[in-house]
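This report looks at a few side chains and at the nonpolar packing of one chain. The sequence and the structure are shown first.

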Amino acid sequence: MSGIIVSTTPSIEGRPAKDYLGIVTGEVIVGANLFRDLFAGIRDIVGGRSGAYEDVLQRAREQAIGEMQARAAALGANAVVGVDLDYEVLGSNGSMLMVSASGTAILV
């Protein structure tokens with residue numbers, strides 16, 4: 001969602017908060033089949049890095065941030081500050097990954 005400023009800092013320099021609208025979050029869970037497919041294609045690892053795995057993480061992170069931005073916009077915010085990104089492995093065999101983004105929705 002363009003137009004919503006996202007920052008990991010507690011404020012936006014030169015743009016004081018006019019109103020604090022609450023905590024907003026966005027979560028994405030990537031399922032087991034995706035990881036199984038990635039590890040089956042382990043041959044794409046070059047120099048110790050997996051481009052496919054990194055692409056999945058990037059997309060999940062972007063989706064979580066986008067969901068958080070949409071929730072902020074629904075509150076009337078035009079920025080989210082203090083953003084924190086978390087990654088958690090879920091499932092009995094660690095076959096799922098959750099990416100979550102959280103921050104404070106504000107009006108600047």
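Which residue's side chain does a polar contact of 3.4 Å join to the side chain of Glu 27? In this predicted model, the partner in that polar contact of 3.4 Å is Arg 71. Glu 27 lies in strand β2, which spans residues 19-30, and it counts as partly exposed because its relative accessibility is 34%. Beyond its neighbours within four places in sequence, Glu 27 is in contact with Glu 67, Arg 71, Val 99 and Ser 100, while its C-alpha atom is separated by 9.9 Å from that of Tyr 87, 60 residues apart along the chain.

Gln 69 belongs to helix α2, residues 51-74, and with 9% relative accessibility it counts as buried. The polar contacts of these two side chains are set out below.

| Side chain | Partner | Distance |
|---|---|---|
| Glu 27 | Thr 25, side chain | 3.0 Å |
| Glu 27 | Arg 71, side chain | 3.4 Å |
| Gln 69 | Ile 4, backbone oxygen | 3.1 Å |

The largest nonpolar core comprises 17 residues, and those with the most contacts inside it are Val 24, Met 68, Ala 72 and Val 80. At least two residues of this core come from each of β2, α2, β5 (79-90) and β6 (96-107), with α2 supplying the largest share, six residues. Residues up to four places away in sequence not being counted, Ala 72 touches Val 24, Ala 77, Val 80 and Ala 105. A second, separate core has five residues, among them Ala 79, Val 81, Ile 106 and Val 108.

Methods
Residues numbered from 1 in each chain as written. Predicted model: local features only at pLDDT ≥ 70, side-chain atom pairs only at ≥ 80, totals over all residues. Heavy atoms only, no water. Helix = DSSP H or I, 4+ residues; strand = E, 2+ residues; numbered from the N terminus. Buried < 20%, exposed > 50% of the residue type's maximum accessible area, 1.4 Å probe, protein only. Contact = heavy atoms within 4.5 Å. Polar contact = N/O pair within 3.5 Å; in protein donor to acceptor, adjacent residues only side chain to side chain. Core = buried A, V, L, I, M, F, W, Y, C linked by side-chain atoms within 4.5 Å.
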